[in-house]
Amino acid sequence: MAGVDPHARPTEQSSAGTKAPASRALLALACLLRVAVIALMASGVARPAWRARGDPWELASVAGPCALLAAIFVCLRRAERLAPDSPPGERRRLQAAVWFLSTAISCVFAYRVAAAMPPALAVLVWSMTASVVVAGFYMLVLFKDRRYQALDDDADVATDAAGDRKDFVKIKHIDKSV
């Protein structure tokens with residue numbers, strides 16, 4: 001025991017120690033990129049907001065879509081963090097919230113574009129917006145995704161192509177992201 005260095009790390013810890021700074025650097029780079037994107041978005045909104053400062057409706061039409069977009073990102077982030085075994089009602093509520101927010105932002109943009117168009121083109125803009133809203137409602141609210149439907153079902157047994165019964169294996173969150 002006299003020859004053992006008390007400050008020496010075992011080889012497993014030293015190899016893990018070299019990965020930790022790399023992962024921290026990658027995390028710091030991702031955070032820096034997020035801050036840069038937020039700053040770019042804020043600078044893109046600041047100029048139109050400054051021009052619209054005298055008209056509250058114009059200011060609301062500039063700031064409103066930004067707030068809606070931020071709320072969509074929050075809902076999507078919450079949906080990404082849901083585990084496969086989380087309650088299906090929570091996932092459905094988040095999907096409905098994303099649909100509602102995306103519908104609101106689509107209608108705001110359609111209103112702004114249709115105001116600058118001749119009446120015939122304004123009808124076309126609104127009909128295209130309505131088709132996107134209806135398709136989004138179907139895809140996000142009415143349509144039940146087959147991957148999550150399998151997780152929602154209480155059946156623990158599935159059949160393969162030959163018709164034989166086999167145990168149903170649920171997808172882990174880590175496996176799903178790969």
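This report describes the fold, the nonpolar core, the annotated spans and the largest pocket of one predicted model.

Residues are numbered from 1 along each chain as its sequence is written. Because the model is predicted, local features need pLDDT of at least 70 and side-chain atom pairs count only at pLDDT 80 or more, while totals for chains, interfaces and linings use all residues; side-chain values use heavy atoms, with hydrogens and water left out.

**Fold.** The protein chain has six helices and two strands, where helices (H or I, at least four residues) and strands (E, at least two) are DSSP runs numbered from the N terminus. Along the sequence these elements follow the pattern α-α-α-α-α-β-β-α. Of the 178 residues of the protein chain, 15% count as buried, meaning under 20% relative accessible area, with exposed set at over 50% and partly exposed in between (1.4 Å probe, protein chains only).

**Core and helix α3.** The largest nonpolar core (buried Ala, Val, Leu, Ile, Met, Phe, Trp, Tyr and Cys residues joined through side-chain atoms within 4.5 Å) has eight residues: Leu68, Ile72, Cys75, Leu82, Leu94, Val98, Leu101 and Ile105. Both α2 (56–80) and α3 (88–115) supply at least two residues of this core, and its largest share, four residues, comes from α3. The core residue Leu94 touches Cys75, Arg78, Ala79 and Leu82, not counting residues up to four places away in sequence, a contact being heavy atoms within 4.5 Å. The end C-alpha atoms of α3 are 41 Å apart, which agrees with the 40 Å that its 28 residues should span at 1.5 Å a residue, the expected span being 1.5 Å times one less than the number of residues.

**Annotated spans.** The unreviewed UniProt entry lists residues 25–45, 57–76, 96–114 and 120–143 as "transmembrane region", and such annotations may be inferred rather than shown by experiment. Two of these spans are set out here.

| Residues | Helix | Strand | End C-alpha distance |
|---|---|---|---|
| 25–45 | 100% | 0% | 30 Å |
| 96–114 | 100% | 0% | 26 Å |

**Thr129.** In helix α4 (residues 119–142) lies Thr129, which counts as buried because its relative accessibility is 11%. Leaving aside neighbours within four places in sequence, Thr129 is in contact with Ser106, Cys107 and Ala110.

**Pocket.** The largest pocket holds about 430 Å³ of space; on a 1 Å grid over the protein atoms alone, a pocket is an open set of points where a 1.4 Å probe fits, with protein on both sides within 12 Å along at least five of seven lines, and lining residues have an atom within 4 Å of a point. Its lining includes Arg34, Met41, Phe73, Arg77 and Glu80, and α1 (11–51) and α2 each supply at least two lining residues.

Note on methods: Grid points are joined across faces, edges and corners, and a volume is the space filled by probe spheres set on the points.
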